[in-house]
Amino acid sequence: MDSTPMTIAPEERTLAALTHLSGLAGYVIPLGGVLVPIIIWAVKSDSKVISSIAKQALILNIVVFVLIAGTFFLWLTILLIPLAIALWILLALAAIALPIVGAIKALDGVFYRYPVVGVNPA
């Protein structure tokens, strides 16, 4: 695999940054963290970079939701409640930090692939 970072065209950098941040819309609008990336993905399907970033934002939100829902079962045992809280804090930090880092890199013209859930433009 090529180690040189993929660049984002200057005319797409602002939209790329906003697309990264679109995943945070769920903190303002119910289901916004899922709906906004889907809308951007559908509207900008002709741009491989923007659609890939929208996919990443969507996948990140779905994975965080599923993991939080899955760790909810840890509350069934009193001993595992601290573990559930620690996992929720880590997931919250990742869900907030990854889009912000991606947006900053996008403004610099660098394509940022989220760890684990990231996708490359195809």
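**Group meeting: surface, fold and largest pocket**

The chain exposes about 7,400 Å², and carbon and sulfur atoms supply 77% of that area. Please bear in mind throughout that this is a predicted model.

Let me turn from the surface to the interior. Of the 122 residues of the chain, 36% count as buried. The C-alpha atoms, taken along the principal axes, fill a box of roughly 50 × 35 × 20 Å.

The secondary structure is readily described. There are four helices and zero strands in the chain, and reading along the sequence gives the pattern α-α-α-α. As for contacts between residues at least 6 apart in sequence, 62% of them join residues at least 24 apart.

I come now to the largest pocket, which holds about 300 Å³ of space. Its lining is made up of 14 residues. Which of these lie nearest the centre of the pocket? They are G26, G33, V34, N61 and F65.

Where in the fold does the lining come from? Three helices each supply at least two residues of it: α2, spanning 32–43, α3, spanning 48–71, and α4, spanning 81–107. The largest share belongs to α3, with five residues.

What is the chemical character of this lining, in terms of nonpolar, polar and charged residues? Nine of the lining residues are nonpolar and five are polar, while no charged residue takes part. Glycine is counted as polar in this division, a point to recall for G26 and G33, which are among the residues nearest the centre.

To close, I return to the central picture: a chain of four helices, with a largest pocket to whose lining α3 makes the largest contribution.

Note on methods
Residues are numbered from 1 along each chain as its sequence is written. This is a predicted model: local features need pLDDT of at least 70, side-chain atom pairs count only at pLDDT 80 or more; totals for chains, interfaces and linings use all residues. Side-chain values use heavy atoms; hydrogens and water are left out. On a 1 Å grid over the protein atoms alone, a cavity is a set of points where a 1.4 Å probe fits but cannot get out, and a pocket is an open set with protein on both sides within 12 Å along at least five of seven lines; lining residues have an atom within 4 Å of a point. Grid points are joined across faces, edges and corners, and a volume is the space filled by probe spheres set on the points. Buried means under 20% relative accessible area, exposed over 50%, partly exposed in between (1.4 Å probe, protein chains only). Contact means heavy atoms within 4.5 Å. Accessible areas come from the Shrake-Rupley method with a 1.4 Å probe; for residues, only the protein chains shown count as cover.
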